[in-house]
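Biologist: I should like to understand how the terms used for this model are justified. Could we take them one at a time?

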Amino acid sequence: MPPKPGPAMPPADYAILQEAAEWFAVLRADDADPADQQAWERWHDLSAGHRAAWRRVEAVSAEFHAVPGEAARQALDAAGPRQSDATRRSMVKGLLALCLASGLGGATLLRRDTRSWVASLNAGEKTAVGAIRQLALADGSQLWLNTATALDIDFSPGLRRIALHGGEIYIASARDSQQPARPLVVDTVHGRLRALGTRFSVQPQGDATLLAVYEGSVEVAPRDGGMARIVPAGQQVRFGDGFIGEPFPADPNGAAWIEYRLQPEQMRLDDFLVQLSRYRRGHLGCAPEVAHLRLVGSYPLADTDRILAALEATLPVKIHRLYDWWVTVEAQLPQSKQ
């Protein structure tokens, strides 16, 4: 069983956490020397907070190195192309800081289901980060793949099957004119969904899968037991191994991505940035001081940097870029009076 996420770091400790991740990268670089070691020891012994942050880094490091070599290499490469040692060291620092800030090691995410990870690498249909695709299936159904999605399609004489390994899909199912009794199902690591003449989206999310039904209904059957349930239009549920959560209203704009846009309706800024971060590589964070700000509008996904610029132009925020792949939305400081 994978370890449970640790508690989130308090905002006041975030800077120390970043320092710890930075020291981790420095000490493991090829050019590290005794002076680096001595400087780290002084930093480490400075306070209990420093020591606690360092233990957190070491814990995530242990998780990351427990991943099979090829998976770990690909996870690291996801931060960007192969670069110089200095740039790569910065990528390691950013990756670790991101994992720690979220309270969950990247290795934990990879180890949740090794089979799905391997299947994603060899999937027949994929999208890259930021890409969206629409496919016409052999039965007349329409399938959309959201950003960073991997799946396989297997239509046999008795079953129309989509195996979703990761990412998110939206399906507008069609009646199978050739074999009316042949069901259309979506399998995730958490269970099977059976379409009942419908439009719906499916998104695996760590230890559960989110189903949102926009038209018709969908039958949910958890993988490891539990009674199946039919979810009607306008509802969404999370389900996992042996359980189905309570239904709650589906966001009517939740599938706006199939039209290449995000459409928040009084959405908190931090929640919006979580969604936007799926369409760009690297870290996209939100300072606690502006997390509560609300968004309304339509944001085309063709250029996420333009969306960030629009936020800066319409909200009291500024976009801080530590690196091209490490961006934080922060409070805009008031201008000093002359």
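Modeller: Let us begin with leucine 273, in what is a predicted model. Leaving aside neighbours within four places in sequence, leucine 273 is in contact with Leu284, Gly285, Cys286, Leu308, Leu311 and Val329.

Biologist: What makes these residues contacts of leucine 273?

Modeller: Contact means heavy atoms within 4.5 Å, so each residue listed has a heavy atom within that distance of one in leucine 273.

Biologist: Which residues have the most contacts inside the largest nonpolar core?

Modeller: They are Leu269, Phe272, Leu273, Leu276, Leu308 and Leu311, in a core of 28 residues. The elements giving two or more residues to this core are strand E6 (169–172), H8, H9, E19 and E20. H8 supplies the largest share, four residues.

Biologist: Why is this set called a nonpolar core?

Modeller: The term requires buried residues of the nonpolar kinds, joined through side-chain atoms within 4.5 Å; Leu273 belongs to the core, and therefore Leu273 is buried, with under 20% relative accessible area.

Biologist: Which residues are among those of the other core?

Modeller: Leu143, Leu145, Leu193 and Val231 are among the 23 residues of that core, which lies apart from the one just described.

Biologist: How do you know that E16 and E20 are paired?

Modeller: Pairing needs at least two bridges, and four join E16 to strand E20 (residues 326–331), so the two strands count as paired. They run parallel, and glycine 285 stands opposite threonine 328 in E20.

Biologist: What is the order of the strands in the sheet?

Modeller: The order is E16-E20-E19, in an open sheet of three strands with mixed pairing.

Biologist: Why are strand E16 and strand E19 said to stand at the edges?

Modeller: Strand E16 (283–286) and strand E19 (317–323) each have a single partner strand, so one side of each has no neighbour in the sheet. On average, neighbouring strands of this sheet are turned by 20° against each other, direction ignored.

Biologist: Which helices accompany the sheet?

Modeller: Helix H8 (residues 269–277) lies across E16, E19 and E20, and runs at about 175° to E16. Helix H9 (residues 304–314) packs on the sheet, touching E16, E19 and E20, and its direction makes about 140° with that of E19.

Biologist: How many helices and strands are there in the protein chain?

Modeller: The protein chain has nine helices and 20 strands. Of its 338 residues, 43% are buried.

Notes
Residues are numbered from 1 along each chain as its sequence is written. This is a predicted model: local features need pLDDT of at least 70, side-chain atom pairs count only at pLDDT 80 or more; totals for chains, interfaces and linings use all residues. Side-chain values use heavy atoms; hydrogens and water are left out. Axes are lines fitted to C-alpha atoms, for helices over the stretch in contact, and angles run from 0 to 180 degrees between N-to-C directions. Buried means under 20% relative accessible area, exposed over 50%, partly exposed in between (1.4 Å probe, protein chains only).
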